[in-house]
Amino acid sequence: VQLVESGGGLVQAGGSLRLTCAVSGSTFTISTMGWGRQAPGKQRELVAVITIGDGITNYADSVKGRFTISRDNARNTMYLQMNSLKSEDTAVYYCNVRGRIGGRYDYWGQGTQVTVSS
């Protein structure tokens, strides 16, 4: 499974951005997809997850009500709509997929920078 993120950039606080993750390869093996982020000096954290089978979503408390994760199965694409951005949302954002091919796997994309200016 290969992942390519796009859509990052510089935005003012209160603004919006939409990130896109294009997924290719053995997509039928994916069980969950998500977005994580890593700010300088901090550990990477998952902020939004969507289950492929039933579409159930989960969010970190820090983004709940502001971020929305969605997927387009026909296009093998996942999105993260980010609204009401804050300076503390500044980070490199990564696409994540988890699934099983024989054994379980947990893959991350190369990341896209999101910078929120105050």
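Begin by selecting Gln2 and Ser24: Gln2 stands opposite Ser24, which belongs to strand 3. The model on screen is a predicted one.

Next, widen the selection to the two strands concerned. Strand 1 and strand 3, the latter covering residues 17-24, pair in the antiparallel sense over five bridges.

Now add strands 7 and 8 to the view. Together with strands 1 and 3 they form an open sheet of four strands, and its order is 1-3-8-7. The pairing in this sheet is antiparallel. To find its edges, select residues 2-6, which are strand 1, and residues 67-72, which are strand 7. Each of these edge strands pairs on one side only. Rotate the view to follow the sheet from strand to strand; the twist averages 15 degrees from one strand to the next.

Return to strand 3 and select Cys21, then add Cys95. These two residues form a disulfide, with their sulfur atoms 2.0 Å apart. Cys21 lies in strand 3 and Cys95 in strand 9 (residues 91-101), so the bond ties together parts that are 74 residues apart in sequence. The count of disulfides in the model comes to one.

Look next along the S-S bond of Cys21 and Cys95. The torsion about this bond is about -75 degrees, and the disulfide is therefore left-handed.

Finally, display the surface and consider both cysteines. Are Cys21 and Cys95 buried or exposed? Cys21 has a relative accessible area of 0% and is therefore buried. Cys95 also counts as buried, because its relative accessibility is 0%. The cut-off applied here is a relative accessible area under 20%.

Definitions and conventions
Residues numbered from 1 in each chain as written. Predicted model: local features only at pLDDT ≥ 70, side-chain atom pairs only at ≥ 80, totals over all residues. Heavy atoms only, no water. Pairing = 2+ DSSP bridges. Axes fitted to C-alpha atoms, helices over the stretch in contact; angles between N-to-C directions. Disulfide = S-S within 2.5 Å. Buried < 20%, exposed > 50% of the residue type's maximum accessible area, 1.4 Å probe, protein only.
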